[in-house]
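Trainee: Could you walk me through the cysteines here before I set up my input files?
Mentor: Gladly; have the structure open and we will take them in turn.
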Amino acid sequence: AGTYGTSLAASSAGSCLPCGPGMYSTMLAANSSAACSKCNAGTFSTAFAADSSILCTMCPAGTFASSIAATNCTLCGAGKYSSGQGMVNEGNCSLCGAGTYSSGLGGTEALFCRACAAGAYSTSLGATDGKASCALCGPGTFGTGEGGMNIGACQACGPGTFGTGSGETNNSVCIACAAGTYNTGLGMTMAAGCTLCVA
């Protein structure tokens, strides 16, 4: 098993040819390479002369094999991960969720996806670049938590204040309107939004 022979009147085991990597054979006295079965998609084998399908190993988490008779597994791409084994195509790799990204290959769990920093958010799925996909909270707002999934993660500076910076992470950046002025709005972005008190 695991080999076949095409020669007539062979006089030694050396005339038996092994089934190649990605294949196996359970047949005895096989006389053709057709006796070598191919490992299924989602599995791989590097063994020569494999005599059982048990030697076709499931692709580990973070990888897949879309072809039969595979000798290796392909890593899930950037922005993706897979916790399951035996995946048969990249579509089986899950996308990093909104508020996260991953530039690495072969992620094995959702924690492989890094959260956008505080003061930023991302609505994208499968993002691969934090700088490109994580948008900064705009002037007049701030974000205190990591992994913001939409602009709602950015909180507005309150009445009587304004903010001029982007990507801010707490309300200490909200500047108070000067004495003798006020504003009633949320998320104001400049001192000019503070109205003079009238007599």
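Mentor: Let us start with Cys-39 and Cys-56, which form a disulfide with their sulfur atoms 2.0 Å apart, bearing in mind that this is a predicted model.
Trainee: What handedness does the link of Cys-39 and Cys-56 have?
Mentor: The link is left-handed, with -70° about the S-S bond.
Trainee: And which parts does the pair tie together?
Mentor: Cys-39 sits in the loop between β4 (37–38) and β5 (43–44), while Cys-56 sits in the loop between β5 and β6 (57–58), so the disulfide ties together parts that are 17 residues apart in sequence.
Trainee: Is Cys-56 buried or exposed?
Mentor: Cys-56 counts as buried at 13% relative accessibility, and Cys-39 is buried too, with a relative accessible area of 0%.
Trainee: OK, moving on, how many disulfides are there in the whole structure?
Mentor: A search of the whole structure finds nine, including one that joins Cys-96 to Cys-113, with an S to S distance of 2.0 Å.
Trainee: Why is the disulfide of Cys-96 and Cys-113 called left-handed?
Mentor: Because the torsion about its S-S bond is about -75°.
Trainee: New topic: what about Cys-197, and why is there no bond to Cys-177?
Mentor: The closest cysteine sulfur to that of Cys-197 is in Cys-177, and at 9.5 Å it is too far for a bond, given that a disulfide needs sulfur atoms within 2.5 Å. Cys-177 instead forms a disulfide with Cys-194, whereas Cys-197 is partly exposed, with a relative accessible area of 48%.

Technical notes:
Residues are numbered from 1 along each chain as its sequence is written. This is a predicted model: local features need pLDDT of at least 70, side-chain atom pairs count only at pLDDT 80 or more; totals for chains, interfaces and linings use all residues. Side-chain values use heavy atoms; hydrogens and water are left out. Helices (H or I, at least four residues) and strands (E, at least two) are DSSP runs, numbered from the N terminus. Buried means under 20% relative accessible area, exposed over 50%, partly exposed in between (1.4 Å probe, protein chains only).
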